[in-house]
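This report introduces selected features of one protein structure to a reader who has not met it before. Please keep the sequence and the model at hand while reading.

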Amino acid sequence: MPLSGDLLRLADAVLFPGFTGHTPPDWLRRRLGQGLAGVALFSRNIADPAQVARLTAALRAENPSVLVGTDEESGEVTRLEVATGSSRPGGYALGVVDDVALTEALARDLGGDLAAAGITLDFAPSADVNSNPDNPVIGLRAFGADPVLVSRHTRAFVRGLQSAGVAACAKHFPGHGDTSVDSHHGVPVVADGIEDALLPFREAIKEGVKAVMTGHLLVPSYDAELPATLSPKVLTGLLREELGFEGMIITDGIEMAAVAGAYGIGGASARAIAAGADAICVGGERADEATAAGIRDAIATAVTQGLLPEERLADAARRVRELASWAASSGSQASRDGSVGLAAARRAIRITRRSTAPVLPLTSAASVVELAPAMNLAIDRNTPWGVGQPLARLLPGTVVTRLVVGDSTGSALERLLGEATGRPLVIVVRDVHRHAWQEQALRHLLSARPDAVVVEMGLPERSDLGAVHIATYGSARVCGQAAAEVLTGRL
């Protein structure tokens, strides 16, 4: 039977699709005029803050109450600053400093930038407790591995962001930290008890967080069959009833294999709303009109077939409207401080000196070798990172070579060692403990140059590498700048 216009509009009222381009396509304008709830911006939609402000103004011209969301966590996961690298370190660096006033100030500063660009919903902070150092998708996005520390910084980030009139969204409920599978590709299983993982979410709810994003995680202690995004036991029983959350629940990207693999994108969307989610986020990988229309139609069809009660869909749309109303009335001119990010990155630096020789400061042009692993899909692969460029600005003549897996052959490393003769050698790694090829290349280089400095821009599982080991706890632009300052004695 044909789907009624009212039912299709109700289905549209819970959708946050992505799109391509720096201006809204015609199909998106049309759907916004018909009541589409919101949109999700990705780095492909962003050139610079002024362009984003024009884009969001165009969206609001079609629907004044539209919610505009994006993944701006600061640090590795940045959208506003994808072209330059973030001017603020990510969560783990903030946890290392462990100054909640700094975290709140940084989040308020970030909120000011988002609000100025017309973004009203930030899919941040990551409230995950990174208890598994081999986690392939969270890592430095978390505030740390201690649930109490993560909780206090989650609250501080929520306070700062929402004081600027931007809704915070704690993710990835009920906690993606103790996993070893990337939910973009498979279904992570959280095998043990999750009380520690839940603590930051409990605290975020106490702080008044406006939204929570689901994780596509299987939590057998609550539901042995359905991942959290599709589980009434997790979303309704745990998040709504046990934790008492009354705000908007939005899914992580619904096209991810962990949920769409079994049910398709439309089927997963309908099941998520039935389970207790209020909004569907899509578009990281599928950003076309057909995908957005297919989800709308699948949700409406699920109502006609009895899979999704219309009352549940209406309740979901109500919660989305309530958040839109808050966003429309909460705008404020947050004071913005362009220096807070670099100050935080400098405070997060940790230095381990293992040589009695005066290795630092470097006073002459260096050779820098950066070992670059493939990153997970949450991190835009084009986001600049590293120490070489900021160091070259401080020490003109510095030579930078970046190697990816497959490039770090013995002959290539020997060539680089030859070129570094008579120069300081700086080796930059990123999560070296998770990548055997990085470990092998690092061993090769250090065996020939034990005087080399190692800069770890990921999670530092070891600090006994190199004559001096520098841990930045992040790869944001400001983390590279802070490391270059340490190398040259300016910090």
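## Basis of the description

Helices (H or I, at least four residues) and strands (E, at least two) are DSSP runs, numbered from the N terminus. The structure is a predicted model.

## Strand β3 and its neighbours

Strand β3 covers residues 67–70. In a regular strand the side chains alternate between the two faces of the sheet. In β3, L67 and G69 lie on one side, V68 and T70 lie on the other, and all four are buried, so both faces of the strand are covered.

Strand β3 is paired with two other strands. Strand β2 (residues 38–41) runs parallel to β3 and is joined to it by 4 bridges; within this pairing, V39 stands opposite V68. Strand β4 (residues 121–122) also runs parallel to β3, with 2 bridges between them, and here G69 is placed opposite L121. Helix α3 (residues 49–62) combines with β2 and β3 in a right-handed β-α-β unit.

## Enclosed cavities

How many cavities of 30 Å³ or more does a search of the whole structure find? The search yields 2. The largest cavity has a volume of about 150 Å³. It is lined by 20 residues, of which I138, G139, L140, M375 and D431 are the closest to its centre. By class, this lining comprises 9 nonpolar, 6 polar and 5 charged residues.

The second largest cavity has a volume of about 80 Å³. Its lining includes E73, S74, E76, G90 and G91, and L140, R141, F143 and F157 are also among the lining residues. The lining of this second cavity divides into 5 nonpolar, 4 polar and 3 charged residues. L140 is thus named for both cavities: it is among the residues closest to the centre of the largest cavity, and it also lines the second largest.

## The second largest pocket

The second largest pocket has a volume of about 260 Å³. Among its 18 lining residues, those closest to the centre are G386, Q389, P390, R393 and R477. Three elements, α13 (388–394), β11 (399–403) and α16 (477–487), each give two or more residues to the lining. This lining is made up of 8 nonpolar, 6 polar and 4 charged residues.

## Backbone exceptions

Most residues other than glycine have a negative phi, and most peptide bonds are trans. Against this background, two cis peptide bonds may be described. One joins F173 and P174, with omega of about 5°; P174 lies in the loop between β5 (167–173) and α7 (195–207). Another joins L360 and P361, also with omega of about 5°, and P361 belongs to the loop between β9 (350–353) and β10 (367–371).

Positive phi values occur at S74 and Y473. S74 is not a glycine, yet its phi is about 70°. This residue is in the loop between β3 and α4 (91–97). Is S74 buried or exposed? Its relative accessibility is 3%, so S74 counts as buried. S74 is also one of the residues lining the second largest cavity.

Y473, likewise not a glycine, has a positive phi of about 60°. Its position is in the loop between β14 (468–471) and α16, and α16 is one of the elements contributing to the lining of the second largest pocket. Y473 has a relative accessible area of 16% and is therefore buried, the cut-off being under 20%.

Terms used
Residues numbered from 1 in each chain as written. Heavy atoms only, no water. Buried < 20%, exposed > 50% of the residue type's maximum accessible area, 1.4 Å probe, protein only. Pairing = 2+ DSSP bridges. Right-handed = clockwise from strand over helix to strand, strands pointing away. 1 Å grid on protein atoms, 1.4 Å probe; cavity = no way out; pocket = protein on both sides within 12 Å on 5 of 7 lines; lining within 4 Å. Points joined across faces, edges and corners; volume = space filled by probe spheres on them. Nonpolar A, V, L, I, M, F, W, Y, C, P; charged D, E, K, R; others polar.
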